[in-house]
Amino acid sequence: MKKVNIGGQAVLEGVMMKGPESYALAVRTPEKEIDVQVTEYKSVGEKHKIARIPIIRGVINFIESLYIGIGTLMKSSEYYDEEEEEKTSDEKPKKEKREKTEKEKAVAEKAYMIGTLIMSLVIAIGIFMLIPVFLANFMKHVTENQLIINLTEGVLRLLLFLGYVALISLMKDIKRTFMYHGAEHKTINCLEAGDDLTVENVKKHTRFHKRCGTSFVFIVMFISIIVFMFVKTDVLWMKMVSRILLIPFIAGISYEFIRYAGRHENAFANILSKPGLWVQRLTTREPDDDMIEVAIASVDAVIDWHEYVDCVRNDSFEKPEK
């Protein structure tokens, strides 16, 4: 077996895990059962060599993760949308609709996901990239030093991000999602430590992980401070355009850092990973046993974890080709 990095995401009452050839969505249904859907998926990096080039692979991986993440999040919500429809079906008569073919449904879902992805990116760029530029521009009334103005912009960006995370963590549904996030991390940590995936074993592991998306976003915010310091212009619209154009470059660098930190255990990687792990205290919670069972079911659907654990214990992974 080749050594691979299993990644995941918490969704509504469930966990998505991505393996080398597929990703699985495991959801605790309203009937308290675990439903698992597996989708075969080959990363663009597996198909095209150019997509494996450093920086470029980070941008592609980021877009792929967003696409899969939004899709699985939407699918997980369908379980509970159907429950609400059943509850109200007797009260409100349903309008007759033309039944769509499976192909039409698939096309409609893909179009909706792409539209949601684009809208999500536009909103995120507006809130976390452009608003800090606009607010920091008022610093021109205090100082004309572009270094100080850009630094103020970066601090505002970090504060907006942390404030947003802290605010949504107060919502009941988000609290449960953060618990599933903790279950996802603990299960992956258990797997990578070479322990059998049982509820008791998973509970022993930490809910923090270096390759977490939360850490990635934090690193993006931090690296953007450094990069934008070299963009010297006091024209507001040029600043905003430069921020948008540099996003792929910053995302690519951030991915390389997360990739390095996830593969190395040394003082340098550990120190630079600390801030992202601290932020995960906001985005993860200790899960209950039912949530851990869901995370284990998701891993089990994308990889033979028994063989993987055996390879970890015996250090018998297939050596990568040189």
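Which residue caps the N-terminal end of helix 10? In this predicted model, the cap is provided by Asp288, a side-chain oxygen of which lies 3.2 Å from the backbone nitrogen of Asp290. The helix that follows comprises 14 residues, spanning positions 289–302. From its first C-alpha to its last, helix 10 reaches 21 Å, close to the 20 Å expected at 1.5 Å a residue.

Helix 10 contributes a series of buried positions, namely Met291, Ile292, Val294, Ala295, Ile296, Ser298, Val299 and Val302. The packing partners of these buried residues include three strands: strand 2 (14–18), strand 3 (22–28) and strand 4 (34–40). Helical elements also take part in this packing, with helix 5 (172–192), helix 6 (199–203) and helix 11 (305–314) set against the buried residues of helix 10.

The packing of helix 10 against helix 5 can be described in terms of the two axes, which come within 9 Å and cross at roughly 55 degrees. Helix 5 and helix 10 are therefore oblique to each other, and their crossing is right-handed. On the side of helix 5, the contact is made by Arg176, Met179, Tyr180, Ala183, Glu184, Thr187 and Leu191. Helix 10 supplies Met291, Ile292, Val294, Ala295, Ile296 and Val299 to this contact.

Helix 5 also contains Lys186. With a relative accessibility of 3%, Lys186 falls under the 20% limit and therefore counts as buried. The side chain of Lys186 is joined to that of Glu286 by a polar contact of 3.1 Å. When neighbours within four places in sequence are left aside, Lys186 is in contact with Val202, Lys203, His205, Thr206 and Arg207, as well as with Glu286 and Pro287.

A second helical pair is formed by helix 7 and helix 9. Helix 7 occupies residues 213–228. For its 16 residues, a span of 22 Å is expected at 1.5 Å a residue, and the end C-alpha atoms are indeed 22 Å apart. Helix 7 is mostly covered, twelve of its 16 residues being buried. The buried set consists of Thr214, Ser215, Phe216, Phe218, Ile219, Val220, Met221, Ile223, Ser224, Ile225, Val227 and Phe228. Phe222, also located in helix 7, has a relative accessibility of 43% and counts as partly exposed. Phe222 and Lys175 are 47 residues apart along the chain, and their C-alpha atoms are separated by 26 Å.

Helix 7 packs with helix 9 (residues 267–283) at an angle of about 120 degrees, the axes being 8 Å apart. That angle makes helix 7 oblique to helix 9. The crossing of these two helices is right-handed. Thr214, Ser215, Phe218 and Ile219 form the helix 7 side of the contact. From helix 9, the contact involves Leu272, Pro275, Gly276, Leu277, Val279, Gln280 and Thr283.

Ser273 is likewise placed in helix 9 and, at 6% relative accessibility, counts as buried. Its side chain reaches the backbone oxygen of Ala269 at 2.7 Å. Apart from residues up to four places away in sequence, Ser273 touches Lys210, Phe257 and Ala261.

Backbone geometry was also examined at two loop positions. Most residues other than glycine have a negative phi. Glu13, although not a glycine, has a positive phi of about 55 degrees. This residue is found in the loop between strand 1 (7–11) and strand 2. Glu13 is buried, with a relative accessible area of 14%. A positive phi, near 75 degrees, is also present at Ile55, a residue other than glycine. Ile55 lies in the loop between helix 1 (44–47) and helix 2 (56–88). At 28% relative accessibility, Ile55 counts as partly exposed, whereas Glu13 is buried.

Note on methods:
Residues numbered from 1 in each chain as written. Predicted model: local features only at pLDDT ≥ 70, side-chain atom pairs only at ≥ 80, totals over all residues. Heavy atoms only, no water. Helix = DSSP H or I, 4+ residues; strand = E, 2+ residues; numbered from the N terminus. Expected span 1.5 Å × (residues − 1). Buried < 20%, exposed > 50% of the residue type's maximum accessible area, 1.4 Å probe, protein only. Contact = heavy atoms within 4.5 Å. Polar contact = N/O pair within 3.5 Å; in protein donor to acceptor, adjacent residues only side chain to side chain. Axes fitted to C-alpha atoms, helices over the stretch in contact; angles between N-to-C directions. Parallel < 35°, antiparallel > 145°, perpendicular 65-115°, else oblique. Left-handed = near helix turned anticlockwise from the far one by under 90°.
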